[in-house]
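Good morning, and thank you for coming. Today I would like to walk you through one protein chain, going from its core to its sheets and then to a few individual residues. Please keep the structure in view as I speak.

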Amino acid sequence: MSSYPDARRRQRARIFLIPVLWVAMSILGFAQDGGIRLAAIPEDPRPGDPVTVGLAMMAATARDTNLRVVLLNAQGQRLSRASFFNLTTDKDGTSLMAAILAVPSTARPGSAVISVESGSGSMGTMNITIGSRDFVSEEIALDQDNTNLRTLPDPKKTAEANTLWAILSRTGTEVYTAESFKSPVTSTRRTSFFGDRRVFKYVDGSRDTSIHAGIDYGVPTGTEVRACAPGKVVLARSRIVTGNSVIIEHLPGVYSLYYHLDKIAVSEGSLVLGGDLVGQSGSTGLATGPHLHWEIRVAGENTDPDACVAHAILDKDAIVSKLIPVH
Ligand SMILES: [Zn+2]
């Protein structure tokens, strides 16, 4: 049969081609099964820190799936999660995506796993290490009005809580900033810290515990409060518990919150630059004195504002430089 030598040649060609293709795909970072590359920044977060997860994969695959990242502890329990959003798509058809999640302040130190999940299960995992961290404990005695604010059932309060959660759990697509955040006030006088373990003492002597979600600045009523970064105002209104409140969206799933304001200087839907006036501080809502409560939420999770000041949350160059193939 004259075709026999041709078949042999084709076979040789294929044997030669497969390693060449394999090496080329490895350089690009793709396994032959359409694998992915992942980066986690930082790889050693502390409780309360944001973690930016970079993901590179073929755009055609990325479009098919509802991609999210999940942070699991060593026991496989889910600590937090976030959705991916697109950063860039290269000419070669590679999509670079990012998802920003936060390590809950209650997370225990030790090894943890970042898992990229699609509708059909885990696409790849990466190990990170959660560091240890101590938080301040404090006891706060509440008067009758503040006790009522926390303890009395109120359908309006419940409705406001539901509205707030709907906003904070939403992952948009706009990247308003890639820079690190700046403190909303010039004062460095802090009366409560991120992650404080609080015990509220009610007027009847009973107690309740909570974790402080942000930083309290002990500033006098009327102090100028400024946007910590560029973004879009997604809430600017009076709320029962948090008083005059402003929420700004900065990145998909990343929000800054300003509570207990005396006056609000922005309106819902408007765009702000970092440093723009948000309002004047006060003591509206549940407050034991004039202060600014500044809070950052990442994918719904309380996040340490200091960590967002120390580092840019979305550093694309850093993400690209840290991508590694995973399975
Ligand atoms: Zn506070």
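Let us begin with Val-246. Leaving aside its neighbours within four places in sequence, this residue is in contact with Val-233, Leu-235, Ala-236, Tyr-258, Leu-261, Ile-264, Val-266, Val-278 and Gly-279. I should say at once that we are looking at a predicted model.

Where does Val-246 belong in the wider picture? It is a member of the largest nonpolar core, which has 70 residues. Val-246 is listed there with Val-53, Leu-55, Ile-100, Leu-101 and Tyr-258 as the residues that touch the most other members. This core draws at least three residues from domain 2, residues 36–133 + 313–326, and at least three from domain 3, residues 137–310. Tyr-258 therefore appears twice in our account: as a contact of Val-246, and among the members of the core that touch the most others.

Now to the chain as a whole. How many helices and strands does the protein chain have? There are six helices and 22 strands. Of its 327 residues, 35% are buried. If we take the contacts in the chain with a separation of 6 or more, 69% of them are between residues 24 or more positions apart.

I turn next to the sheets. One of them is an open sheet of five strands, in the order β5-β6-β2-β1-β22, and its pairing is antiparallel. At its edges are β5, residues 85–89, and β22, residues 324–326, each of which pairs on one side only. On average, neighbouring strands in this sheet are turned by 30 degrees against each other, with direction ignored. At one end of the order, β5 and β6, the latter covering residues 94–102, are paired in the antiparallel sense over four bridges. One example you can find on the screen is Thr-89, whose bridge partner in β6 is Ser-95.

Two other members of that sheet deserve a pause. Between β1, residues 36–41, and β2, residues 50–58, there is a loop, and Pro-42 is found in it. What kind of peptide bond joins Ile-41 and Pro-42? The bond is cis, with omega at about -5 degrees.

A second open sheet has four strands, in the order β4-β3-β7-β8, again with antiparallel pairing. Its edge strands are β4 and β8, residues 121–130, and each pairs on one side only. Here the twist averages 20 degrees from one strand to the next.

Let us follow this sheet from one edge to the other. Strand β3, residues 68–73, and strand β4, residues 78–83, run antiparallel and are joined by five bridges. Within that pair, Leu-72 has Arg-78 of β4 as its bridge partner. The two strands form a hairpin with four residues between them, and in the turn Gly-76 has a positive phi of about 85 degrees. Moving on, β3 is joined by six bridges to β7, residues 110–118, and these two strands run antiparallel. There, Leu-71 has Ile-114 in β7 as its bridge partner. Finally, β7 and β8 pair in the antiparallel sense over nine bridges. Val-113 and Asn-127, the latter in β8, are bridge partners.

We have just met a glycine with positive phi. Two residues other than glycine also have positive values: phi of His-260 is near 65 degrees, and phi of Ala-299 is near 50 degrees. His-260 lies in strand β17, residues 254–264, whereas Ala-299 lies in the loop between β20, residues 292–298, and β21, residues 301–303. Are they buried or exposed? His-260 is buried, because 25 other C-beta atoms lie within 10 Å. Ala-299 is buried because it, too, has 25 other C-beta atoms within 10 Å.

I close with Lys-316, which is located in helix α6, residues 316–322. Why does Lys-316 count as partly exposed? The reason is its number of C-beta neighbours inside 10 Å, which is 16; a buried residue would need 20 or more, and an exposed one would have 12 or fewer. Leaving aside neighbours within four places in sequence, Lys-316 is in contact with Leu-87 and Ala-178. Along the chain, Ala-178 is 138 residues apart from Lys-316, and their C-alpha atoms are separated by 8.4 Å.

Thank you for your attention.

How values were computed. Residues are numbered from 1 along each chain as its sequence is written. This is a predicted model: local features need pLDDT of at least 70, side-chain atom pairs count only at pLDDT 80 or more; totals for chains, interfaces and linings use all residues. Two residues are in contact if their C-beta atoms, placed from the backbone, lie within 7 Å. Two strands pair if DSSP finds at least two bridges between them. Axes are lines fitted to C-alpha atoms, for helices over the stretch in contact, and angles run from 0 to 180 degrees between N-to-C directions. A nonpolar core is a set of buried Ala, Val, Leu, Ile, Met, Phe, Trp, Tyr and Cys residues joined through C-beta atoms within 7 Å. Domain bounds come from an automatic or database domain assignment.
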